[in-house]
Amino acid sequence: MNYSKKRKEETFIIKIKDGQHNTWQGSVLWVDEQNEKNFRSALELLKLIDEALIDKKDEEAEYK
């Protein structure tokens, strides 16, 4: 694989507050942007992180 474009590392802090209905509930903090969001399932957590990375990538593309 060719990894010619290196992406800056992003840091997220995940706080699991509960574990109802066989999944996690809690919050995720995107450290670099100081943006915290709540999630109601593990899938929603993954979607929030994915959206944050896509938004960051779009922002970086606008400045090039």
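**Notebook: three strands and a helix**

I began with W30, and the residue I found as its bridge partner in β3 is N35. I then looked up L29, whose bridge partner in β3 is E36. In total I noted five bridges joining β2 to β3, and the two strands run antiparallel.

Before going on I wrote down that this is a predicted model, in which local features need pLDDT of at least 70 and side-chain atom pairs count only at pLDDT 80 or more, while totals for chains, interfaces and linings use all residues. Residues are numbered from 1 along each chain as its sequence is written, and side-chain values use heavy atoms, with hydrogens and water left out.

**Overall plan**

I looked up the secondary structure of the protein chain and found one helix and three strands (DSSP runs numbered from the N terminus, with helices being H or I of at least four residues and strands E of at least two). Read along the sequence, the elements follow the pattern β-β-β-α.

The three strands form an open sheet in the order β1-β2-β3, with antiparallel pairing (two strands pair if DSSP finds at least two bridges between them). I noted that β1 (12-18) and β3 (35-39) stand at the edges with a single partner strand each, so one side of each has no neighbour in the sheet. From one strand to the next, the twist averages 15 degrees (axes are lines fitted to C-alpha atoms, and angles run from 0 to 180 degrees between N-to-C directions).

**The β1 side of the sheet**

I followed β1 to its partner β2 (residues 25-30), and these two strands pair in the antiparallel sense over six bridges. Along this pairing I found I14 opposite V28 in β2, and I found Q25 in β2 as the bridge partner of D18.

**The strand in the middle of the order**

Is β2 enclosed or open? Six of the six residues of β2 are buried (buried means under 20% relative accessible area, exposed over 50%, partly exposed in between, with a 1.4 Å probe and protein chains only), so I wrote down this strand as largely enclosed by the rest of the structure. In a regular strand the side chains alternate between the two faces of the sheet. I checked both faces of β2 and found them covered, with Q25, S27 and L29 buried on one side and G26, V28 and W30 buried on the other. For the protein chain, 22% of the 64 residues count as buried.

**The two turns**

The hairpin of β1 and β2 has six residues between the strands, and in its turn H21 has a positive phi of about 55 degrees. In the loop between β1 and β2 I also looked up N22, which is not a glycine and yet has a positive phi of about 60 degrees. N22 is exposed, with a relative accessible area of 83%.

The hairpin of β2 and β3 has four residues between the strands. In the loop between β2 and β3 lies Q34, a residue other than glycine whose phi is positive and near 50 degrees. At 60% relative accessibility, I counted Q34 as exposed.

**A nonpolar patch**

In the loop between β1 and β2 I also came to W24, which is partly exposed at a relative accessible area of 46%. Together with I14 and I16, W24 forms a nonpolar patch on the surface with about 300 Å² of accessible area (residues with over 30% relative accessible area and no salt bridge, nonpolar side chains being joined within 5 Å and like charges within 9 Å; areas by the Shrake-Rupley method with a 1.4 Å probe). The protein chain exposes about 5,600 Å², and carbon and sulfur atoms supply 50% of it.

**The helix and a charged pair**

I found L46 in helix α1 (residues 42-62), and L46 is exposed, with a relative accessible area of 55%. The C-alpha atoms of L46 and V28 are separated by 9.9 Å, while the two residues are 18 apart along the chain.

I searched for salt bridges (a side-chain nitrogen of Lys or Arg within 4 Å of a carboxyl oxygen of Asp or Glu) and the count came to one. Side chains of opposite charge can pair when their charged atoms come close. Here the side chains of E44 and R40 meet, at 3.2 Å from N to O. E44 is partly exposed at 21%, whereas R40 counts as exposed at 63% relative accessibility.

My last entry concerns contacts (heavy atoms within 4.5 Å): among those between residues at least 6 apart in sequence, 17% join residues at least 24 apart.
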